[in-house]
Amino acid sequence: MLRDARQKKFQVVLCKTQSRFTRDMELVEKYIHGMFPLWGIRFIAVADNADTEVKGNKKARQINGLVNEWYLEDLSENVRMVFDMKRREGKYIGGSPVYGYKKDPHDKNKLVIDWPAASVVQQIFRWSLEGRGRQSIARALNDQGVSSPARYKAERDGGHLSGMDRSLWSKITVWRILRNEMYTGVMIQGRRKKVSYKSKRLIDMPEEAWYRVEGTHEAIVEPEVFQAVQRGLEARARSDGKGEAHVLSGLVRCMDCGSVMTKTANCRQGRPRTSYLRCKRYADSGKEKGCTRHSIRLDQLEELVTERVRRYIREWFVPEGLEAEPRSDARRASLEQERRTLEAQREKRSQALKSLYLDKVSGVLGLEQFVELNQTFLDEKNRLERRLAQIEAELSAGESSRQREELLEQADRLLELETLPRELAVQLIERIEIGERDTASGEQAVHIIWKF
């Protein structure tokens with residue numbers, strides 16, 4: 001329409017109200033009072049009695065424009081308030097869900113597992129626990145012909161695949177999946193927001209401003225596995241050039257300077273390839289060495305750590321003792337039932353507060369009634385949340401005991417294995433400190449700091 005107006009293909013713009021043309025005061029001034037007179041266009045808004053041909057009508061049009069912009073601003077704020085309330089309640093309000101989930105057909109604000117994609121996510125986490133790097137994982141997925149998230153979405157939704165047939169997995173895509181806490185059943189929203197209702201530009205929000213609600217959907221990855229993967233990523237495990245990290249990668253430190261021990265190899269002709277670990281500061285500091293070598297054979301260190309793990313298991317792991325401990329399944333079931341009941345009551349109070357606010361906005365309730373009822377509902381909701389916190393604390397105490405049992409069961413299976421699995425090493429070992437070898441005696445200190 002504006003293009004045709006500029007070309008003078010018509011003489012009149014006729015609207016029901018001025019707001020049908022625009023609610024932005026800037027556009028009112030730009031077009032109605034600026035460009036339209038230059039183009040010879042007459043603007044008429046029937047319900048507002050706005051007519052650019054009528055002398056003295058300009059102030060009325062400006063007032064209408066200002067009121068319409070205020071309305072737009074209030075409307076945007078109200079919509080944002082409703083969205084924020086849904087985010088606090090753990091309701092999903094986004095577009096396409098994260099890879100591995102889909103919207104519940106019966107509730108668009110709830111996520112359910114999309115198992116074909118979820119199985120890929122689980123495999124990615126398993127590979128990461130084994131010590132494989134992001135590039136190695138992406139390469140393996142591409143070699144197996146697994147559709148990338150973008151291609152999978154197009155295939156699932158029946159979209160056009162033009163330009164998507166060459167869409168491949170990348171290390172960035174793998175990294176985003178490994179760092180996404182939503183796979184543990186935690187709803188995270190509000191990471192970005194618009195600058196204002198007038199702009200489509202998005203800005204990143206600090207993590208403390210995110211909306212984080214636990215238990216809103218079924219987890220694809222167990223929280224313990226997710227945390228173990230995060231520790232592995234933070235340790236910056238290095239690969240051997242083939243995309244595979246050694247069992248203790250990122251866990252071994254120099255006892256004197258605290259630097260990570262990096263892998264190197266002895267490739268002398270006629271001798272088998274032997275891998276060593278050495279102090280990273282020593283290796284990187286050039287001629288003026290910042291530390292000493294602290295070199296140790298990798299295979300011997302892995303054998304030593306594996307044997308110490310087996311020794312602890314033989315000395316301390318007594319399955320019969322664990323089975324003899326009194327169980328509290330009935331108490332736990334009772335607490336979980338009470339928690340579900342209280343959460344349902346809390347949800348009702350939240351909905352009541354929302355309805356109360358809408359009644360106030362629409363004028364059904366006066367200010368005094370709103371304040372009184374609002375305080376009553378808030379007090380009741382706070383009481384429910386205090387009791388829920390007590391239940392969560394008691395359940396968490398029981399969960400720690402259960403996690404210990406699971407860890408010991410996992411350790412028990414190690415007795416049947418020849419080598420220490422990467423996954424178990426990350427769960428059991430905080431760090432390993434390597435001392436400098438004594439040139440006189442040949443002895444070398446190895447300290448293992450355990451997590452148990």
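Colleague: Which is D51, buried or exposed?
Modeller: This is a predicted model, with residues numbered from 1 along each chain as its sequence is written. Local features need pLDDT of at least 70, side-chain atom pairs count only at pLDDT 80 or more, totals for chains, interfaces and linings use all residues, and side-chain values use heavy atoms, leaving out hydrogens and water. Buried means under 20% relative accessible area, exposed over 50%, and partly exposed in between (1.4 Å probe, protein chains only). Because its relative accessible area is 11%, D51 is buried.

Colleague: With which side chain does that of R42 meet in a salt bridge?
Modeller: A salt bridge is a side-chain nitrogen of Lys or Arg within 4 Å of a carboxyl oxygen of Asp or Glu. R42 is partly exposed, at 30% relative accessible area. Its side chain meets a partner at 2.6 Å, N to O, and that partner is D51.

Colleague: How many salt bridges does a search of the whole structure find?
Modeller: Side chains of opposite charge can pair when their charged atoms come close. One such pair is K9 with D4, whose closest N and O atoms are 3.7 Å apart; K9 is exposed at 55% relative accessibility, whereas D4 is partly exposed at 24%. Another is E89 with K91, at 3.5 Å. Over the whole structure, the number of salt bridges found is 11.

Colleague: Into what do shared salt-bridge partners join E181, R212 and E214?
Modeller: K91, the partner of E89, is partly exposed with a relative accessible area of 23%. Elsewhere, salt bridges that share partners join E181, R212 and E214 into one network.

Colleague: Which element supplies the largest share of the largest nonpolar core?
Modeller: A nonpolar core is a set of buried Ala, Val, Leu, Ile, Met, Phe, Trp, Tyr and Cys residues joined through side-chain atoms within 4.5 Å. The largest one has 34 residues, of which Y99, I124, F125, W169 and Y183 touch the most other members. Elements that each supply at least two residues include β5 (107-113), α6 (134-143) and α9 (223-234); helices (H or I, at least four residues) and strands (E, at least two) are DSSP runs numbered from the N terminus. The largest share, 8 residues, comes from α5.

Colleague: How many residues are in the other core, which lies apart?
Modeller: Within the largest core, Y183 is one of the residues that touch the most other members, and beyond its neighbours within four places in sequence Y183 is in contact (heavy atoms within 4.5 Å) with residues including V98, F125, I177 and V221. The other core has M261, I313, A425 and I432 among its members, and its number of residues is 25.

Colleague: Which strands stand at the edges of the open sheet β1-β2-β3?
Modeller: Two strands pair if DSSP finds at least two bridges between them. In this mixed sheet of 3 strands, β1 and β2 (residues 42-45) pair in the parallel sense over 4 bridges, and C15 stands opposite A45 in β2. Each edge strand has a single partner, so one side of each is left without a neighbour in the sheet; the edge strands are β1 (12-15) and β3 (50-51).

Colleague: Which residue's backbone oxygen does the side chain of Y92 reach?
Modeller: Y92 lies in the loop between α4 (58-88) and β4 (101-104), and at 9% relative accessibility Y92 is buried. Not counting residues up to four places away in sequence, Y92 touches K103, L111 and M187, among others. At 3.1 Å, the backbone oxygen that the side chain of Y92 reaches is that of S96.

Colleague: What is the bridge partner of D104 in β5?
Modeller: β4 and β5 pair in the antiparallel sense over 4 bridges. A hairpin of 2 residues joins β4 to β5. Within this pairing, the bridge partner of D104 is D107.

Colleague: What percentage of the residues of the protein chain count as buried?
Modeller: The protein chain holds 15 helices and 15 strands. Among contacts between residues at least 6 apart in sequence, 59% join residues at least 24 apart. Of the 452 residues, the buried share is 34%.

Conventions: A polar contact is a pair of N or O atoms within 3.5 Å; within protein, one must be able to donate a hydrogen and the other to accept it, and residues adjacent in sequence count only if both atoms are side-chain atoms.
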